[in-house]
Amino acid sequence: MPRHGFGSLLTDEQWSELVSTAHRRSYGAGEALLNQGAHGLGVHLVLSGRVRVVSLYPDGTSAPLAYRTRGEILGESVLAGGGRACNATVTALAESRTAYLSAERFQTRLRELDLVSVLWQSVLNRQDESDQVRVQLARLPAERRLPAALVHLAAMLGEPAPAALTDGPERPGPGRILRIPLPQEEVGGFTGLSRTSVYKAYNQLRELGLIRTGRQFVAVVDLDRLEALAFGEDRGPGAVRH
């Protein structure tokens, strides 16, 4: 099973060494791993499952910032010291497991395994990715933002479809299943679209036979066609792609 983010930069041996002495923690869907404003004491390495990172605003609203899965590091701001509070809330989207290490223990293990530079490389990679996604979605026409967001999420969190997801005569490209709830309001916050626009975009993609949706999943029937709809010939260095 592939690792993403920080974990993708480590060999299997390095990853196993790093998590071998960590405490295992389990979280059910909807349970918070980190809370915005709280002072964290350590970091989580995601072993399995999927989580959502959101920013909470004083008026009670929130905006999704990212979605994370196996291999990702969470709560790394604690490594900066100075009693920094968490700048976002992280919630499990499905049953998830992490390897938890105190900040001091994690830093010690990084030095022992010569992984300090790898950690900061992953932090920079994550920031670059986040910036690229935001810029790409912001400059795309509204009708292409939902397809682009789904392409990005399929790359991060999608599972290969076990079989063709369509009964039509055409042979579809590769499919992906996102086993996470993606309510219209949340997708709107991620893509910068209104709820009405998201509703219309979902309907259009369903009518085109590109996706199927349910309460707890979004199935991308043909990832190649969805990517072509999102980006067309616009595949510059900042493009979000799978």
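A polar contact is taken here as a pair of N or O atoms within 3.5 Å, where, within protein, one atom must be able to donate a hydrogen and the other to accept it. In the predicted model, such a pair is found at T69, a polar side-chain atom of which lies 3.0 Å from the backbone oxygen of G49. T69 is placed in the loop between β5 and β6 (73-74), and, because its relative accessibility of 7% falls below the 20% limit, T69 counts as buried. When residues up to four places away in sequence are not counted, the residues touched by T69 are H4, V46, G49, R50, M156 and L157.

The protein chain as a whole contains seven helices and 12 strands. Its radius of gyration is 19 Å, which agrees with the value near 18 Å for a compact globule of 242 residues, and its C-alpha atoms fill a box of roughly 55 × 45 × 35 Å along the principal axes. Of the 242 residues, 46% are buried. Among contacts with a separation of 6 or more, 72% are accounted for by residues 24 or more positions apart.

Strand β5, which precedes the loop holding T69, belongs to an open sheet of four strands with the order β2-β7-β4-β5 and antiparallel pairing. The edges of this sheet are occupied by β2 (32-34) and β5 (62-68), and each has a single partner strand, so one side of each is left without a neighbour in the sheet. On average, and with direction ignored, neighbouring strands of the sheet are turned by 30 degrees against each other. At the β2 edge, the antiparallel pairing with β7 (residues 89-92) extends over two bridges, and L34 stands opposite V90 in β7.

In soluble globular proteins, nonpolar side chains tend to be buried together. In the present model, the largest nonpolar core has 32 residues, and those with the most contacts inside it are Y67, L150, L178, L182 and Y202. At least two residues of this core are supplied by each of α3 (116-139), α4 (142-157), α5 (184-191), α6 (195-207), β12 (217-220) and α7 (223-231), with the largest share, nine residues, coming from α4. With neighbours within four places in sequence left aside, L150 is in contact with L178, L182, L205, I211, V218 and L226. A second core, separate from this one, comprises 21 residues, including L47, I73, F106 and L119.

Conventions: Residues are numbered from 1 along each chain as its sequence is written. This is a predicted model: local features need pLDDT of at least 70, side-chain atom pairs count only at pLDDT 80 or more; totals for chains, interfaces and linings use all residues. Side-chain values use heavy atoms; hydrogens and water are left out. Two strands pair if DSSP finds at least two bridges between them. Axes are lines fitted to C-alpha atoms, for helices over the stretch in contact, and angles run from 0 to 180 degrees between N-to-C directions. A nonpolar core is a set of buried Ala, Val, Leu, Ile, Met, Phe, Trp, Tyr and Cys residues joined through side-chain atoms within 4.5 Å. Buried means under 20% relative accessible area, exposed over 50%, partly exposed in between (1.4 Å probe, protein chains only). Contact means heavy atoms within 4.5 Å. The radius of gyration is taken over C-alpha atoms; the globule rule is 2.2 Å times the number of residues to the power 0.38.
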